[in-house]
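Q: I have a chain open and want to talk it through. Can we start once it is on the screen?

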Amino acid sequence: MLQTGRRCFSVLARCQPMATSSARAYSTENAQKVEKKEIFELDGRQYTPDALYNLSPAVRRLLDRRILQETSNPLNLLKRRVVDYVHQTYRKPGNRSPLFTICESEPRVVTTYQNFDSLLTPEDHVSRRPSDTYYVNREHCLRAHTSAHQHTLMKQGLDAFLVIGDVYRRDEVDRTHYPCFHQIEGVRLYTRDELLGKKSDASENAAELFTVPPDASRVPEKQESHSIDAVKASEIQLKQFLESLCDELFGKDAEKRWVDAYFPFTHPSWELEVFYNGQWLEVLGCGIMEQKLLESAGVTDKIGWAFGIGLERIAMVLYGIPDIRLFWSKDTGFLSQFAGKQPGEDVKYKQISAHPQVIFDISFFLPDSTEFNDMTSDVYDTIRTIGGELVEQVKLTDEFENKKKAKKSQTYRIVYRSHEKALTKEEVR
């Protein structure tokens, strides 16, 4: 619905002008429509919400559905393909059992320590702000990344594992972003003998994992306590692992390149890119794990690497899926294209919707003393809650401040499209 002469309309897009000071202001509480419960239960655990609780009805619906476990979902196919490859390729010496432990039943509500502080980084790679993170209470939130489980799993004694699951972030709304997405996190730790080989009696100058004492400062090639030999050996193991995984996914003929990167929980760090379908695709990020992270989990005699893959990004490219919402579709026209397929099969999505977009603009006054950037995530969540899977994209198109009246307003464009039928403006209204 278009705004006229700065008349403002509610998020419901009904013709209810809000231009007077007596009109009800748009507020976070109304926008979220959050139903505060005395007890919040998820994955068999109970939590007591407090004033920070900001899970919208739309996000609670996502928590109830585990699409990674649905065999007809392309994300399940991709997950199985990665796991099958890792299990078949990396085995323990001796009994030949799988080297990597698969961890896909970890609780999705984690402590704020697990989500933010356990990585011991000087800055947050995931924002603590309620506008970016879904909080249950001051001490618990929905995991924003699978890295939240690293500390606990290493403390339990695991030294080779894949963490797989759904993660949640308050994000923008478009064809490539969604409040819930899925990750695979890989971690591998090595003892000195595993990485550099056993010492012989005559090898007095054999390489070690750590420098004693640690270097005064880190350099681009390594952390303070790591030996250059250990870092180079770890880098070789890491890159061989990931290049062979990419060969499995994209084919051995696909060109690959490594790009230096920065991640606050690894150093040095890299991104792996693959040339696929005529363009370079960022596949994953990885690096040598911060040694302080290992030490905080009680691991003092090993060095390790870690990587992270976003499944939606890879699946959209491999299967030709143009819209991230499709992964959540229950339409049999979509799911039947992947039902009964094997993980390694070459499957391409055939479009089932060519229906036109329906576009509405909405605008509203912000509550007094509210900053512009404080509202955006609340608006995205509200629109997603009300519009559901019909919402294809939301974009902030205008911000206006009337300094004389101390009033601020925002305008958003909402693009609706159904994969099942042509929508009318009246239906959307």
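**Helix H9 and its surroundings**

A: A note before the details: this is a predicted model. In helix H9, the buried residues are Leu311, Glu312, Ile314, Ala315, Met316, Leu318 and Tyr319.

Q: How many residues of H9 is that, out of how many?
A: Seven of the nine residues in H9 are buried, which makes the helix mostly covered.

Q: What covers them?
A: The cover for the buried residues of H9 includes helices H3 and H7 (228-250), along with strands E8, E10, E11 and E12.

Q: And what comes just after H9?
A: Gly320, which takes a positive phi of about 70°.

Q: Pick a residue in H3. Where does Leu75 sit, buried or exposed?
A: Leu75 lies in H3, which spans residues 74-89. Leu75 counts as buried because its relative accessibility is 0%, and the cut-off for buried is under 20%.

Q: What does Leu75 touch?
A: Leaving out residues up to four places away in sequence, Leu75 touches Ile67, Leu68, His182, Leu311, Glu312, Ala315 and Phe327. Leu311, Glu312 and Ala315 are among the buried residues of H9.

Q: How far apart are Leu75 and Tyr319?
A: In sequence, 244 residues; in space, 9.9 Å from C-alpha to C-alpha.

Q: What share of contacts in the whole chain is long-range like that, joining residues at least 24 apart?
A: 63%, counting contacts between residues at least 6 apart in sequence.

Q: While we're on the whole chain, what is it built from?
A: Twelve helices and 15 strands. The chain has 429 residues, and 52% of them are buried. Its accessible surface is about 20600 Å², with 48% of that belonging to carbon and sulfur atoms.

Q: Back to the strands. What pairs with E11?
A: Strand E10 (residues 266-276) is joined to E11 by nine bridges, and the two run antiparallel. E11 is also joined to E12 by four bridges, again antiparallel.

Q: Which residues face each other there?
A: Phe275 has Trp280 in E11 as its bridge partner. On the E12 side, Cys286 stands opposite Phe307.

Q: What links E10 to E11?
A: They form a hairpin with two residues between them, and Asn277 in the turn has a positive phi of about 55°.

Q: Is E11 mostly covered or mostly open?
A: Mostly covered: eight of its eleven residues are buried.

Q: New topic, pockets. What is the volume of the largest one?
A: About 910 Å³. The elements giving two or more residues to its lining are strands E8 (180-190), E9 (256-263), E11 (279-289) and E12 (303-310), plus helix H9 (311-319).

Q: Which of them gives the largest share?
A: E8, with six residues.

Q: How many residues line the pocket, and which lie nearest its centre?
A: The lining has 35 residues, and those nearest the centre are Arg169, Phe181, Gln183, Gly310 and Arg313.

Q: What is the lining like by class?
A: 18 nonpolar, eleven polar and six charged residues.

Q: How many closed cavities are there?
A: One of 30 Å³ or more. The volume of the largest cavity is about 50 Å³.

Q: What lines that one?
A: Its lining consists of Tyr134, Arg169, Arg170, Asp171, Glu172, Val173, Tyr178, Pro179, Tyr380, Asp381 and Arg384. By class, five are nonpolar, six are charged and none is polar. Arg169 is also listed with the residues nearest the centre of the largest pocket.

Terms used:
Residues numbered from 1 in each chain as written. Predicted model: local features only at pLDDT ≥ 70, side-chain atom pairs only at ≥ 80, totals over all residues. Heavy atoms only, no water. Buried < 20%, exposed > 50% of the residue type's maximum accessible area, 1.4 Å probe, protein only. Contact = heavy atoms within 4.5 Å. Areas by Shrake-Rupley, 256 points an atom, 1.4 Å probe, with all protein chains shown as cover. 1 Å grid on protein atoms, 1.4 Å probe; cavity = no way out; pocket = protein on both sides within 12 Å on 5 of 7 lines; lining within 4 Å. Points joined across faces, edges and corners; volume = space filled by probe spheres on them. Nonpolar A, V, L, I, M, F, W, Y, C, P; charged D, E, K, R; others polar. Pairing = 2+ DSSP bridges.
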